[in-house]
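Me: I am learning how words such as buried, contact and helix are justified from a model. Could you take me through the reasoning case by case?

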Amino acid sequence: MINFTMLIVILPLIAGLILTVLPKKNEKAIEWTSLIFSLLIFIISLQIFLGFDEANPNYQYTFSFPWIPQWGINFSLGIDGISLLLIILTTFLMPIVILSSWKHIHKLTREYYILLFILETAMIGTFAATNLFVFFIFWEMMLIPMFLIIGIWGSDERIYATVKFILYTAFGSFMMLAAIIYLYTHVGTLEFQDLGTIRLDPTTQLYLFLAFALAFAIKVPMFPFHTWLPAAHVEAPTAGSVILAGVLLKMGTYGFIRLAIPLFPDAVMQCMPYLIALSVVAIIYGALVCLVQTDIKKLIAYSSISHLGYVMLGLLVLNQYGVEGSVLQMVNHGISSAGLFLLVGILYQRYHTREIASYSGMAQVMPKYATIFMIIALSSIGLPVTNGFVGEFLVLVGAFQYSRDFYEVSRNILTFLPAIFASLGMVLSALYMLSLVEKVFFGKVHEKIARGHIPHKDLTHRELLYFLPLIVLIFWIGVYPHYFLNKASGTIALLIATFK
Amino acid sequence: MTPLTLIYYILGILTIIGGFSMLFAKHPMRAALSLLFVMFILAVLYALLAAPVIAVLQIIIYSGAIMTLIVFIVTLLDSKEDDLRKPYTKCVYLVTFLMFLLLLVTMNLLPPATFGNAPMVDGNIGALSKELLTNYVFHFELASVLLLVGIIGISIIRAGRGEKQ
Amino acid sequence: MQTQGLVYILLFPLIGTFINGFLSFFRNDLKTYFKKNFQWSAEKFSYTTNRISAIVGVLAVTLSFLCGVWYFFELLNLSSENALSYTLLRWIHTGALDLEFSFYFDHLSSIMVLVVTGVGSLIHLYSVGYMHGDPGVSRYFAYLNLFIVAMLMLVLGNNLLVMFIGWEGVGLVSYLLISFWYSDIDKAKAGKKAFIVNRMGDVGFVLGALLLFALFNTMNFSELTQSIEQSAVPVGYITCAALLLFFGACGKSAQIPLYVWLPDAMAGPTPVSALIHAATMVTAGVYMVVRLSPLYFAAPYAMNVIAIIGAATALFAATIGLVQKDIKKILAYSTISQLGFMFLACGVGAPIAAIFHLVTHAFFKACLFLGAGSVIHGMGGEQDITRMGGLKHKMPVTFWTFLIAILAISGFPPFSGFMSKDEILVAAFGTEYGSMALGIIAVIAALFTSLYMFRLFYLTFLGDNRSGHKVYEHVHESPGAMTSVLIILAGLAMIGGFIGIPHLFSFLAFPNLIEEWLEPVVISFPLTRHGETLSPLIMLVSVGMAFLGLLIAYIFYGRKNTYAENLRSLFQTTYQLLWHKYFVDEIYHKLIVRPLYFISERILFNTIEKGGIDWSVDFAGRFSKTISRKSLKLQQGDIQYYLLYMIIGLIIMSVVILWWVQ
Amino acid sequence: MIPIDFLVMVSLTLFLLGATTVLVRRNILVMLMGLELMLNAAVLLFIVYSRVHANLTGHFFALFIFVVAAIEVGLIIAIILNLFKQKRSLLTSSYTSMKE
């Protein structure tokens, strides 16, 4: 039977090719075909999701094809619990992204959708790759479309932002390339399974780990390497920043959990306290900086730094709760920040400004928009019934267990600091999100908008359509996360067992 | 110190003086003349070093043809507005220092050797031409080709100039 | 015993929320739809939708109340140990963490359910009249029903996490309802302040829950209680967990460190203040402490902390209440002080007294707030009591119900307030954890309670009218829906005390119902021997305090005299201190809010972010540009320079080679 | 007795003098002369060492150097004439069109 992983990796490329055939002027045809293709890809990935059996923790739907025999590299793909969730997130977000850029992209529309599809291939390929070489190819492949999307369709200061983004990420991935080459020469194979079993000596492990960690830290944006994110987000078009926030940031954390941690266990143990400190700093720093932002998109960008701080904390704590929480938080952040960016995109398309100061009292102008913004903001804060809470709570449980085990050993109270600061992050996230809601939505209507010539129109049915799945998923994961977590728990248990 | 070596020393110093005068000559014409003087001294030196053919050729080709051409061009193109007061470029001192440095470096590299009276090989025209046309015939032909190419080159460079006066 | 029905209690308000939510979300679309198809005029449409959402709202809560009563009786004839419970759905199952959406309807939570749904349905009825003209009626009822769902989730929760869902849900709805009229930015700010302060408390709650989970590997209440008794976990951990959870309770029930949000929460509509900020939400903290009483009894140090904070809050809030001018602010501070009493009761080991006071407080405080609501409604939005007066004749029903509630809260014998507060005072003096100091503070607070209550009563209802003539003309009694609710609540305030008659009156052969009812579920410390002898004396003291308060209030505010003004001028500084609420808000603002923004603005964003990291990243870009510009000067087109560079290169190479050869 | 090292030193100094004139003098023609001087220094060296090793190859080299020198001067003069036609100046500093 045809291999599904290969299908969903190749299908976006085919879609891109078909799009090239379409006439450039006919926007409607382009938009509809791209939507249909993305939905098709989503259905196939759904088929994988449903057919995935939880009991078997290692790779399923594997596909292997000798790509460069003389180097012994074969193009091998495989999906296990963690990559399954992330692939579903990607294919779930794509139709929404395409739907949200209907009627808004009038410059080079065909190329725009082709780039989106190439991006999708790169993302799915990265998550499905089980060979370091293939992983790196897709990892780099993601840069070019992102560069063009931000560069061409971004807003005014886009060149600076996109060049900075590309150089920053490229710098990181060159270090990784060096490490991959070292690995290839010294270990001989690049398959994830065999790499996992080999234990290098601690010092080389440390250097290799640092090289990999740098590349992924830049992508996750962990604390010191995050300055490209606000610039890239502010300038990217709606679709660009949704994909960037929704999926591309997860590549960094996925890289950590798939490569950095299993391959170099001793180095991870050695650097764990520093990385945990960094991720906790990211939580608090991201949240505090959000308080004083004047640009909505920049605020949401900094908030995703804070959320990914949670993900990294959960990941580095390396117990069942923490890692499951971080995997779920990856999906949650994908949904809530994608929603927020879509909302800001709508606001930007109507009033052409992202400054918070130029909006007030929008709830009276657009009540439906305000309600949806409130729901998604609450999910990003992490209110109990929504998805954000489940992820954050599991990460907190993981952090607490980690510090308790440390406390048994070291008997000083400081070990509980990460858990305490992480939970402080919950207050700060509520603070900056609610002050944003208050400044934009409450109070009397901003006089520039009130007498502005732009007709006040609330959410159209099309816009409501692509928020519906997000809201349904927010409450579904919030109320019944077990359905999703169950898929990944097997793999995570295996990962932690092999790590110990 | 036989008188012969003395002559060598004198001639050597004369060439160096000629060289310096060319360097410091304000007017290009004086430089050309000092160069001519150096060439004549060199021709004498060649003769002393048992290379009469080369000496004669030096005088005929070098000083005769090439230098006269240069002197001719110097007189032809001697434009007025060239400022004679500042003949040197800005980095004079740097260059002199570097050259002096280079001199010192190469001097102590060379092996000290004086040469006694080795058997005199007679560089007369007969031996030279026989040698030239037996095992150096290929180089001889090559030289003629080179000359031909050079002449064509010169004619091309100057060809287009005619009409546009 | 698994009973499916428990879910219905929650289901009805949930359905109400969805219906009202749908009505409010698609209001404009429905309006245009009905205008196009059925030619409904805007007024007709809004009238019908308001009517529908009102009916749906009230119906939902009353149905859930009836369910509660039904299961209360079912619980009645069960054996005392047993309880109804139902597991709906598995929520999180990773490692040892096994959380389900499971509901637990035992003796304690049955009382809470009845209070929440009972008072809730009355307040829903009242708000039909109160919110009559408001455009966002369906949104209002959607939020109110959502509140009931969240509160029931909190009360019925079987483990700490389901309680936490209700805990945060209630915080969210209070945020939504406080800033209900969001077009006024101050109300929105008050709402945000309430949510943030609650959220701070919730952080304490989460950390406490995490610590408990780390210690006992379970979050389920029954398992927790068993494992606390058996396992020999060092007391330090348990005290720490208890204090963290109590910090969460302080946030929710507005105790000393985190009470600042309640007075500002009065910005919301009055029925909201009545329901959320008087009867139900603020009592969540007390319910949690009582529910986890085994945890607190295993940590004596935590008990003392709770008692001290409870007593301190009671006194502190009562003193501020003495001088406030806004009718709702006075009631807010009185709520804080009454909550202080409840926590004092929990602290000294009398949780049953706390729950009893909670129940009676729900009745008379809801009646007071709704009375204040009808006063404000009548006075056309005027909330300042110094500009009221002489409303006795204009609003007779509100007058009488208000009087009954005031008598109840000040602790006059036949009324419910006396019964419950007396229990607490007796416990404060009598039990093992109680002490003379706590008792005295409680007594003084009781005095101040009756003092500021009667001051409020005199200034609003009696004496000559201070509001302008045309306002006074316009004052009218509230419509039937509102006054009927007031009457019911006043009645409850009157007879409410008889469910827990103190032992002294045992000669009346009327059992202390609430004590027997809660006995199996809640551990409480019996009165010490010397406490027994003291209780009649304390009862007399408390009644004396009530009369004393009435007397002082009469002297100062009853008759037209200047005693109040000259007292104020005499103690000018203390008055200013009290009037500005001990400057607590300003201190918080200075110590926490401003430095927070200063740090994040000046230090974090500008210096570290822009100045540090971003600058160094851009520096890499700038540095390469400057280098390339400088190296440009070498190419000046002068041939001799090029030759020179060649020569220099030659020299360097030769030197290196020579040096290398050596 | 032929003082070989003295003669080599002479040819070296002549060579360096030629180099300095090329580098230092601003007049193109004088640069040309410096070039010629460098070539002569090379010829001198050849002749000296063919005298020392007593064989004729040095002479042939010298011969070919004359050929090359002659052609080279012709070419340079042609180029200089073209340059002169454009800028009517013989100074190297006026011909800096190769600048960035």
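Me: What makes G500(C) count as buried or exposed?

Reply: In this predicted model, G500(C) has 25 other C-beta atoms within 10 Å. A residue is called buried when 20 or more lie within that distance, so G500(C), with its 25, is buried. G500(C) sits in the loop between α21 (480-495) and α22 (513-518) of chain C.

Me: Which residues does G500(C) touch, once those up to four places away in sequence are not counted?

Reply: G500(C) touches F356(C), M419(C), S420(C), E423(C), N512(C), L513(C), I514(C) and E515(C). K187(C), by way of another pair, is 313 residues from G500(C) in sequence, and the two C-alpha atoms are 39 Å apart in space.

Me: Why does T5(B) count as partly exposed?

Reply: T5(B) has 14 C-beta neighbours inside 10 Å. Since exposed requires 12 or fewer and buried requires 20 or more, the value of 14 falls in between, and T5(B) is therefore partly exposed. T5(B) belongs to helix α1 (residues 3-24) of chain B, and, with neighbours within four places in sequence left aside, T5(B) is in contact with M1(D), I2(D) and P3(D).

Me: How do you know that the length of helix α21 of chain A agrees with its number of residues?

Reply: Helix α21 of chain A covers residues 482-499, which makes 18 residues, and at 1.5 Å a residue these should span 26 Å. The C-alpha atoms at its ends are 24 Å apart, and therefore the span agrees with what is expected. There is nevertheless a kink of about 35° in α21(A), centred on A488(A).

Me: Which residues of α21(A) are buried, and what covers them?

Reply: The buried residues of α21(A) are F484(A), L485(A), K487(A), A488(A), S489(A), T491(A), I492(A) and L495(A), so the residue at the centre of the kink, A488(A), is one of them. Their cover includes α3 (81-100), α11 (238-263), α14 (320-351) and α20 (461-479) of chain A, and β1 of chain C takes part as well.

Me: What does chain D consist of, and how does its radius of gyration stand against that of a compact globule?

Reply: Chain D has 3 helices and 0 strands, and its elements run α-α-α from the N terminus on. A compact globule of 100 residues would have a radius of gyration near 13 Å, whereas chain D has 17 Å. Along its principal axes, the C-alpha trace of chain D spans about 50 × 25 × 20 Å. Buried residues make up 52% of the 100 residues in chain D.

Me: What is the make-up of chain B, and how much of chain B is buried?

Reply: Chain B has 6 helices and 0 strands, in the order α-α-α-α-α-α from the N terminus on. Buried residues make up 25% of its 165 residues. Of the contacts in chain B between residues at least 6 apart in sequence, 56% join residues at least 24 apart.

Me: Which pair of chains shares the most contacts, and what makes up the side of chain D in that pair?

Reply: Among the 4 pairs of chains in contact, chains B and D share the most contacts. In this pair, 64 residues of chain D are in contact with 75 residues of chain B. On the side of chain D that touches chain B, α1 (4-24), α2 (28-53) and α3 (57-87) of chain D each supply at least two residues, and the largest share, 21 residues, comes from α3(D). By residue type, this side divides into 46 nonpolar, 11 polar and 7 charged.

Me: How do you know that chain A is not in contact with chain B or with chain D?

Reply: No contact joins chain A and chain B, and their closest C-alpha atoms lie 41 Å apart. No contact joins chain A and chain D either, and there the closest C-alpha atoms lie 26 Å apart. A contact requires two C-beta atoms, placed from the backbone, to lie within 7 Å.

Me: How many residues does chain C bring to its contact with chain A?

Reply: That contact takes 41 residues from chain C and 47 residues from chain A. The side of chain C that touches chain A receives at least two residues from each of β1 (84-94), α6 (160-178), α7 (185-216) and α26 (584-632) of chain C, and α7(C) gives the most, with 14 residues.

Key. Residues numbered from 1 in each chain as written. Chains lettered and ligands numbered in written order. Predicted model: local features only at pLDDT ≥ 70, side-chain atom pairs only at ≥ 80, totals over all residues. Helix = DSSP H or I, 4+ residues; strand = E, 2+ residues; numbered from the N terminus. Rg over C-alpha atoms; globule rule 2.2 N^0.38 Å. Nonpolar A, V, L, I, M, F, W, Y, C, P; charged D, E, K, R; others polar. Expected span 1.5 Å × (residues − 1). Bend = angle between axes of the 7 residues up to and from the residue.
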